[in-house]
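Visitor: I am new to this structure. Please pick one part and go through it closely, starting from the whole.

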Amino acid sequence: MSLPPESLEADKCYLTNTGQVRRVLVMLPGRVQFERRVGTPGPNCRWVREVADTRAFALLVDHEVPCDWTPEGDG
């Protein structure tokens, strides 16, 4: 499943179909600046900044999640 591109919002986190958490920073015309989380929340967690086509980004995300989401806490 994916989300409509127009439903994406800055300062929200989304879960991809591969289990990766992505945080939207800025919505740009036709693009989205975001960070993807590397690692689980905690002292070893870091965020990597990227830019992607808005439609491509929306195709990869399933739904909004808290930015500290973990598979263990989902349920």
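Guide: What follows starts with the whole chain and then turns to strand S1 and its surroundings.

This is a predicted model, in which local features need pLDDT of at least 70 and side-chain atom pairs count only at pLDDT 80 or more, while totals for chains, interfaces and linings use all residues. Residues are numbered from 1 along each chain as its sequence is written, and side-chain values use heavy atoms, with hydrogens and water left out.

The protein has 1 helix and 5 strands (DSSP runs numbered from the N terminus: H or I of at least four residues for helices, E of at least two for strands). Along the sequence they follow the pattern β-β-β-β-α-β. With a radius of gyration of 12 Å, close to the 11 Å that the globule rule gives for 75 residues, the protein is as compact as a globular protein of that length. The radius is taken over C-alpha atoms, and the rule is 2.2 Å times the number of residues to the power 0.38.

The strands form an open sheet in the order S4-S3-S2-S1-S5, with antiparallel pairing; two strands pair if DSSP finds at least two bridges between them. S4 and S5 are the edge strands, each pairing on one side only.

S1 covers residues 13-16 and is joined to S2, residues 21-28, by 3 bridges. Within this pairing Tyr-14 has Arg-22 as its bridge partner, and Leu-15 has Val-21. The hairpin of S1 and S2 has 4 residues between the strands, and there Gly-19 takes a positive phi near 85°. With S5, S1 pairs in the antiparallel sense over 4 bridges, and Thr-16 stands opposite Val-61 of that strand.

Now the two faces of S1. In a regular strand the side chains alternate between the two faces of the sheet. Cys-13 and Leu-15 lie on one side of S1, Tyr-14 and Thr-16 on the other, and all are buried. Buried means under 20% relative accessible area, exposed over 50%, and partly exposed in between, with a 1.4 Å probe and protein chains only. In the protein, buried residues make up 28% of the 75 residues.

Tyr-14 belongs to the largest nonpolar core, which has 9 residues, including Val-24, Phe-34 and Val-61. Such a core is a set of buried Ala, Val, Leu, Ile, Met, Phe, Trp, Tyr and Cys residues joined through side-chain atoms within 4.5 Å. Strand S3 and helix H1 are the elements that give two or more residues to this core. Apart from it lies another core, of 5 residues, among them Cys-13 and Leu-15.

Cys-13 is also one of the residues that Trp-47 touches, not counting those up to four places away in sequence; contact means heavy atoms within 4.5 Å. Trp-47 is found in strand S4 and is partly exposed, with a relative accessible area of 25%.

In the segment before S1 sits Asp-11. Asp-11 is exposed, at a relative accessible area of 66%, and has a positive phi near 70° although not a glycine. Most residues other than glycine have a negative phi.
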